[in-house]
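Me: I should like to request a close look at a single part of this structure, namely its salt bridges and their surroundings. Please explain in connected prose where the partners lie and how far each is buried or exposed.

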Amino acid sequence: MEYKVMVGLEMHCEISETKSKVFSSAANCYSEIPNTNVRPYDMAFPGVLPVVNKEAVKMALMASMILGCKQPEYMYFERKNYYYPDMPKNFQITQETKPAPVGIYGKLDYECNGEVKTVRINNIHLEEDAASSDHYATTSTIDYNRAGVPLLELVTEPDFRSADEAVAFLETMRSIYQYAGISEADSKKGQIRCDVNVSIMDASLDESDMKNWGTKVEIKNVNSFGGVRDAINYEITRQMELKENGTYDEMEQQTRRWDEDSASTIYMRSKVDAIDYKYFVEPNIPKFKLSKEWLEEIRKSIPELAPQRKAKYINEYGITEYDATIIVKEKAVSDYYEETIKCGVSPKSASNWITTTVLGYLNKHELEISDVCLTPERLSKLIKLVEDGKISSKQGKEVLYKVIEDDKEPEKIVDELGMKQIGDDNLIRDIVVKVLDEHPDLIEAHRKGKPVFDFFVGQVMKATRGQANPSLTANIIREEIEKR
Ligand code: MN
C-alpha cells in the first residue's frame, strides 16, 4: 500500500547574540565550565524578580517579521507550571496562549530539491531555556548556565510531506537566524532542539480532509538536522509497518523520543495523560504595549538575508547561481567573500578562489572559515600575485595552503620558496626550442592530430620548475612548431 506523510515541527533555537539572559543579568555565553554564568534569578532564590531583556524581545520580533507573522499589540508572558530539577522555579516563563506570542500566523517560502515550498507558521514565541542535566550510572548533574538563556520556539503547521522538506525548512531557519544576527544556530553547541510530529494516511484518501489522517505521534528533543531526518523516516516506516500488520488502529496518540544510539524512536508517554501546565499570565512582568514606531524601527533594521545576498551576487556581481548558492550557504563564508571583494579583488575572481580552492581545503580538513589564518586580506594579496602574473595559478594554490599551514603572508612564502612566474618571452622560447629539438617524432605526431601538445607544455614546465607562464608557453610552442 502507498502512504502519504504529514510532518509538523517545533523548533527551539537559543538566541545567542544578546549580552545577557532573557530575564536575568547573567552572561548569555556558551561556557564549557558548568554553573559559571548564573545569577540568583536563574537559581530561583526567594524574592528574585525577572527583568525583560529588551534586546531579546527585539530579536524575537525581528524573527516574527521575517516569518511574515502578525505581531501583538500588547505583549505579555505566561507561566508554564511544572516540577522538574532543570527548572528550579517550578515554572517556565513562556508565551503560550494567543495572542501573547511575538508572532502568530505567518508563512515562509523555502527551497527543497530545487522546488519552492511554503510552510504556514502557527506561532513563534519567546521563552527561557531550562538548565541542562546529565545522567550517569548512579548520579545526575545539572548545569544552570543554560537556565534563562533566551529561547525562540517556532511552531509550524503540519505542512511537510517528507523528511527532506522538514530538513530543508530547518536549514532555511538556521540561515535566517544567522543572517539576522539573532543566533549562531549551532546544533553542536546545543542551540537547536526540535520536536517532530508525524502521521500517515492511505495515499488513496483525500489529504485535505483531516479526518483521513492517522494518529499523530510526537518525537521529542531531536538535537540535529540529521537526527530530524532519521527520526521522521524511522517513524514513517514504523507506522507503515503497523498499518501492514493490522495493529495501527490500536496505536494511541503518544510522545516518543529519538534515541541516537539505537537510531530508533522510543515510547515515552501516552498523550491520554497529557501534563496540565496550568498556564496563567506571569504576574511579575507587566503587560506592555509595542509601539508602532519601535516595530517600524525593528523592521527597518532587518539585515540582508541569504536570498537577497544571493540575488545581489548573481545580478550585480555576475557570478553563477551555482557559486552564489555555495557562498551564501554559511553566513561566515558570505561575509568572507564580501570582505575579500572590499580588499580590491573582482567578485568573479574572489568567487572562483573561494568556492574551489578555499572551501575545497576547508571541507577536506573539516574546518570552518573562522578556523584558518587565511584572512580576506591575505587571500586578496594572493589573488593579486596570480593576476599580476608574479606567480602561476598552480603556484597560487600551493602558496594558499602554505599561508594556512605556516600562518605567514603570501609574499613572504613566495620569497621563501623562490617562486616567480617566468613571463620572459625569450627565456621560454629557448627552452621550447630545446624541447622541440629533442622530440622531432612528436612534432610529426602533433601534425597528424595526435594529442601530444600537453606533453610539450609539461616538458617546459618541468624545465622551469612550474614557473613558466602557461598560456605564454603554449603560444610560443605553437609559433615554434609553425616555423619548422
Ligand atoms: Mn516551549
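**Salt bridges and their surroundings**

Reply: With a relative accessibility of 29%, Glu409 counts as partly exposed. This value, like the others below, was computed from a predicted model. The side chain of Glu409 meets that of Arg378 in a salt bridge, with 3.0 Å from N to O. Arg378 belongs to helix 9, whereas Glu409 sits in the loop between helix 10 (393-406) and helix 11 (410-416), so the pair ties together parts that are 31 residues apart in sequence. Arg378 itself counts as buried, because its relative accessibility is 11% and the limit for a buried residue is under 20%. A partly exposed residue is thus joined here to a buried one.

The general principle is simple: side chains of opposite charge can pair when their charged atoms come close. The structure holds 41 salt bridges. One of them joins Glu128 and Lys89, whose closest N and O atoms are 2.8 Å apart. Glu128 is in strand 6 and Lys89 in the loop between strand 3 and strand 4, so that distant parts of the chain, 39 residues apart, are linked. Both Glu128 and Lys89 are buried.

Strand 6 (residues 115-128) also contains Glu127, a ligand of the manganese ion. The ion is coordinated by two OE contacts from Glu127 and one from Glu153, at 1.9 to 2.6 Å. Glu153 lies in strand 9 (residues 150-156), and 26 residues separate this pair, which again links distant parts of the chain. Glu127 is buried, with a relative accessible area of 3%. Glu153 counts as buried as well, at 10% relative accessibility.

A further salt bridge lies within helix 7. Its partners are Glu339 and Lys342, and their closest N and O atoms are 3.5 Å apart. How does their spacing fit the helix? An α-helix has 3.6 residues a turn, so residues three or four places apart point the same way. Glu339 and Lys342 are 3 residues apart in helix 7, and hence about one helical turn separates them. Glu339 counts as partly exposed because its relative accessibility is 32%, while Lys342, at 67%, counts as exposed.

Helix 7 (residues 331-342) has 12 residues; at 1.5 Å a residue it should span 16 Å, and its end C-alpha atoms are indeed 16 Å apart. Among its buried residues are Val333, Tyr336, Tyr337 and Ile341. The cover over the buried residues of helix 7 includes helix 2 (163-179), helix 5 (306-315), helix 6 (321-328), helix 8 (347-364) and helix 9 (376-387). Helix 9 has been met already, as the element that holds Arg378. After helix 7 comes Gly344, which has a positive phi near 100°.

Salt bridges may also be joined into a network. One such network links Glu304, Arg309, Lys312, Lys331, Asp335 and Glu338. Glu338 is named among the buried residues of helix 7.

In summary, the pairs described here have varied surroundings. Glu128 and Lys89 are both buried; Arg378 counts as buried and its partner Glu409 as partly exposed; Glu339 counts as partly exposed and Lys342 as exposed.

Definitions and conventions. Residues are numbered from 1 along each chain as its sequence is written. This is a predicted model: local features need pLDDT of at least 70, side-chain atom pairs count only at pLDDT 80 or more; totals for chains, interfaces and linings use all residues. Side-chain values use heavy atoms; hydrogens and water are left out. Donors are N, O and S atoms within 2.8 Å of the metal (3.2 Å for Na, K and Ca); water is not among the atoms, so sites may look incomplete. Helices (H or I, at least four residues) and strands (E, at least two) are DSSP runs, numbered from the N terminus. Buried means under 20% relative accessible area, exposed over 50%, partly exposed in between (1.4 Å probe, protein chains only). The expected span of a helix is 1.5 Å times one less than its number of residues. Contact means heavy atoms within 4.5 Å. A salt bridge is a side-chain nitrogen of Lys or Arg within 4 Å of a carboxyl oxygen of Asp or Glu.
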